[in-house]
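Good morning, and thank you for making time for this presentation. Please take a moment with the sequence and the structure before I go through them.

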Amino acid sequence: MKLIILNGSPAAGKSTVAKKLHEAMPMSLLADVDLWRTLVSGWKENRTESLALAYKYTVGAVGAYLKTGHDVIVDKAILSDDSVIDALVESGKANFADVYEFILIAKQDIIEKRAEARGFHENGLLTREKVTELWHTAQNLIPKRSNAIVIDTSEIEADAVFQKIKEMVGL
């Protein structure tokens with residue numbers, strides 16, 4: 001049983017890799033923090049509180065699913081609060097899962113170009129400024145997460161990142 005946590009800045013390839021891992025791991029749970037956040041009514045008007053609730057739901061759902069003996073992939077940036085990542089790691093260990101924590105990064109200009117290519121939506125969560133802020137936050141996360149495996153996606157495609165992670169976790 002595996003718990004794979006994908007962290008990092010926007011446009012680093014987390015969601016693409018998470019979906020590919022999910023397809024490669026039968027009966028796995030793909031825990032998408034942003035998706036669960038949108039299930040909270042009024043989440044746009046209450047962005048900070050809805051994110052905190054999504055994190056709590058993620059930790060609870062991950063623990064519950066691991067208890068069933070199945071693999072879990074956590075997708076999305078959990079950058080600002082080490083306690084959430086720590087809780088996920090502890091849940092994995094408590095449920096006897098092999099825990100893999102990855103931080104996907106890329107050079108700032110590449111992240112900004114990738115995010116720009118996706119487009120920014122009016123009233124969306126991701127703005128040009130937020131992308132830059134989250135890039136810096138991800139960079140600051142790296143020295144704090146000594147057990148995380150950092151993968152620079154600046155020069156490699158998502159499929160190659162997926163293959164690399166797949167090998168590292170023994171799939």
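Before turning to individual strands, let me fix one term: two strands count as paired if DSSP finds at least two bridges between them. Please also keep in mind that this is a predicted model.

With that in place, consider β2 and β3. Strand β3 covers residues 72–75, and four bridges join β2 to β3, the two running parallel. Within this pair, Asp32 stands opposite Asp75 in β3.

Now to the sheet as a whole. This is an open sheet of five strands, in the order β2-β3-β1-β4-β5, with parallel pairing. Why does one side of β2 and of β5 lack a neighbour in the sheet? Strands β2 (29–32) and β5 (149–152) stand at the edges and have a single partner strand each, so one side of each is left free of a neighbour. On average, neighbouring strands of this sheet are turned by 20° against each other, direction ignored.

Helix α1, residues 14–24, packs on the sheet, where the helix touches β1 (2–8), β2, β3 and β4 (98–105). The direction of α1 makes about 165° with that of β1.

Finally, I would draw your attention to Lys2, which is found in strand β1. Lys2 is buried yet has no salt bridge. The nearest side chain of opposite charge is that of Asp98, 4.4 Å away, whereas a salt bridge requires a distance within 4 Å. A polar atom of the Lys2 side chain does lie 3.1 Å from the backbone oxygen of Val169. The residues that Lys2 touches include Met25, Leu66, Asp71, Tyr100 and Leu171.

Notes:
Residues are numbered from 1 along each chain as its sequence is written. This is a predicted model: local features need pLDDT of at least 70, side-chain atom pairs count only at pLDDT 80 or more; totals for chains, interfaces and linings use all residues. Side-chain values use heavy atoms; hydrogens and water are left out. Axes are lines fitted to C-alpha atoms, for helices over the stretch in contact, and angles run from 0 to 180 degrees between N-to-C directions. Contact means heavy atoms within 4.5 Å. Buried means under 20% relative accessible area, exposed over 50%, partly exposed in between (1.4 Å probe, protein chains only). Lys and Arg count as positive and Asp and Glu as negative; His and the chain ends are not counted. A polar contact is a pair of N or O atoms within 3.5 Å; within protein, one must be able to donate a hydrogen and the other to accept it, and residues adjacent in sequence count only if both atoms are side-chain atoms. Lists of a residue's contacts leave out its neighbours within four places in sequence.
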